[in-house]
Amino acid sequence: MCALCPHRCRMAPGRTGRCGVRKNVGGRLLALTYGRPAAVQVDPIEKKPLYHFLPGTWTYSLGTVGCNLSCLFCQNYELSTGTLEVAAAASGPEIRPDQIVAAARRETCASVALTYNEPTVWAEYGRDIAVAAHGAGLKVVSVTNGFIQPVAAAALYEHVDAANVDLKAFDDGFYQRLCGGRLQPVLDTLTQLKRLGVWLEVTNLVIPGENDSPAGLSELCRWVVSELGPDTPLHFSAFFPTHRLTHRPVTPQATLTLAARLAAEAGLRHVHLGNLHLV
Ligand code: SF4
């Protein structure tokens with residue numbers, strides 16, 4: 001059984017788990033994307049988005065393929081549903097954690113970002129990169145759906161300084177219907193990372209007709225205030241029709257403005273609106 005995320009997949013020999021990148025090979029569980037980044041780029045840290053952690057710096061960003069959720073609206077579906085061949089073709093020979101860190105230093109980045117696809121499904125590689133980055137004096141950030149088991153989160157986030165966690169909706173039905181996941185494990189991860197001292201920012205992608213009710217948005221905001229604190233930055237992001245959710249429109253500016261007002265009324269002090277160029 002793989003104990004990384006709440007799916008707790010039991011794979012027969014030769015089979016992969018739901019994420020498609022962790023495999024039972026002769027009774028041993030292998031992380032097939034170890035050392036195989038499919039995307040590497042130097043980004044402003046604000047692009048993660050992290051607005052309150054090392055602002056104005058560059059972060060050496062990488063991701064592999066695969067995901068443990070299956071969001072119909074995934075905005076990075078080429079990677080989340082990508083094949084191992086994509087990763088192998090992108091990286092060629094294996095790229096060791098120390099090589100990632102050396103490249104980050106060459107590019108004068110202040111941090112390394114585990115991003116683009118879900119870091120949980122490549123937790124061993126991410127953790128080794130994080131340890132090497134800390135050894136070189138770099139910070140480490142993660143962009144995650146938060147769908148991870150507590151033991152695995154403790155092992156990975158011990159070496160992570162900041163995270164942007166997607167809180168996709170304050171609605172378990174939404175998680176089950178649109179994402180193939182559950183809400184409670186994500187809430188548990190958020191409070192666990194808070195306890196661990198990881199700097200947290202939260203992102204909510206507002207999808208018209210799916211998770212944009214004022215009551216739902218207010219409930220989400222009130223939970224963030226009570227469990228994570230009023231100084232937790234909350235990013236409301238505009239949806240764009242993509243992947244398998246193409247019948248919903250782009251999020252109107254008025255909806256994002258309303259979300260920001262509801263967040264302020266709930267007591268949140270740092271509310272940011274993202275993807276506005278799409279609106
Ligand atoms: S990380 Fe992948 S293999 Fe492991 S439990 Fe989650 S979906 Fe299953």
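In this predicted model, strand S5 (residues 111-114) is joined to strand S6 (residues 139-144) by four bridges, and the two strands run parallel. Across this pairing, Ala113 stands opposite Val141 in S6. S5 is also joined to S4 by four bridges, again in parallel. There, Ser61 has Ala113 of S5 as its bridge partner. The side chains of S5 alternate: Ser111 and Ala113 point one way, Val112 and Leu114 point the other way, and all are buried.

These strands belong to an open sheet of eight strands with mixed pairing, in the order S3-S4-S5-S6-S7-S8-S9-S10. Strand S3 (39-44) and strand S10 (271-274) are the edges: each has a single partner strand, so one side of each lacks a neighbour in the sheet. Ignoring direction, neighbouring strands of the sheet are turned against each other by 20 degrees on average. At the S3 edge, six bridges join S3 to S4, and these two run antiparallel. In that pairing, Asp43 has Thr59 of S4 as its bridge partner.

The strand pairs described so far are listed here.

| Strand pair | Bridges | Direction |
|---|---|---|
| S3 and S4 | six bridges | antiparallel |
| S4 and S5 | four bridges | parallel |
| S5 and S6 | four bridges | parallel |

After strand S4 (58-63) comes a loop that leads to helix H1 (77-80), and Gly66 lies in this loop. Gly66 counts as buried because 29 C-beta neighbours lie inside 10 Å, where 20 or more are needed. Setting aside neighbours within four places in sequence, Gly66 is in contact with Cys19, Gly20, Val21, Thr33, Ser80, Asn117 and Val121. Gly66 and Tyr77 are eleven residues apart in sequence, and their C-alpha atoms are 9.0 Å apart in space.

Cys19, one of the contacts of Gly66, also belongs to the surroundings of the ligand. In total, 13 residues surround the ligand, and the closest are Cys2, Cys5, Cys9, Gly17 and Cys19. By class, this shell has six nonpolar, four polar and three charged residues.

Elsewhere, two helices pack against each other. The axes of helix H4 (residues 123-135) and helix H5 (residues 150-157) come within 9 Å and cross at roughly 25 degrees. This angle is under 35 degrees, so H4 is roughly parallel to H5. H4 contributes Ala123, Gly126 and Arg127 to the contact, and H5 contributes Ala152, Ala155 and Leu156. The contact of H4 with H5 consists of four nonpolar, one polar and one charged residues.

Terms used: Residues are numbered from 1 along each chain as its sequence is written. This is a predicted model: local features need pLDDT of at least 70, side-chain atom pairs count only at pLDDT 80 or more; totals for chains, interfaces and linings use all residues. A residue is buried if 20 or more other C-beta atoms lie within 10 Å of its own, exposed if 12 or fewer, and partly exposed in between; C-beta atoms are placed from the backbone. Two residues are in contact if their C-beta atoms, placed from the backbone, lie within 7 Å. A residue is near a molecule or strand if its C-beta atom, placed from the backbone, lies within 6 Å of it. Ala, Val, Leu, Ile, Met, Phe, Trp, Tyr, Cys and Pro count as nonpolar, Asp, Glu, Lys and Arg as charged, and the others, Gly among them, as polar. Axes are lines fitted to C-alpha atoms, for helices over the stretch in contact, and angles run from 0 to 180 degrees between N-to-C directions. Angles under 35 degrees count as roughly parallel, over 145 as roughly antiparallel, 65 to 115 as roughly perpendicular and the rest as oblique. Two strands pair if DSSP finds at least two bridges between them.
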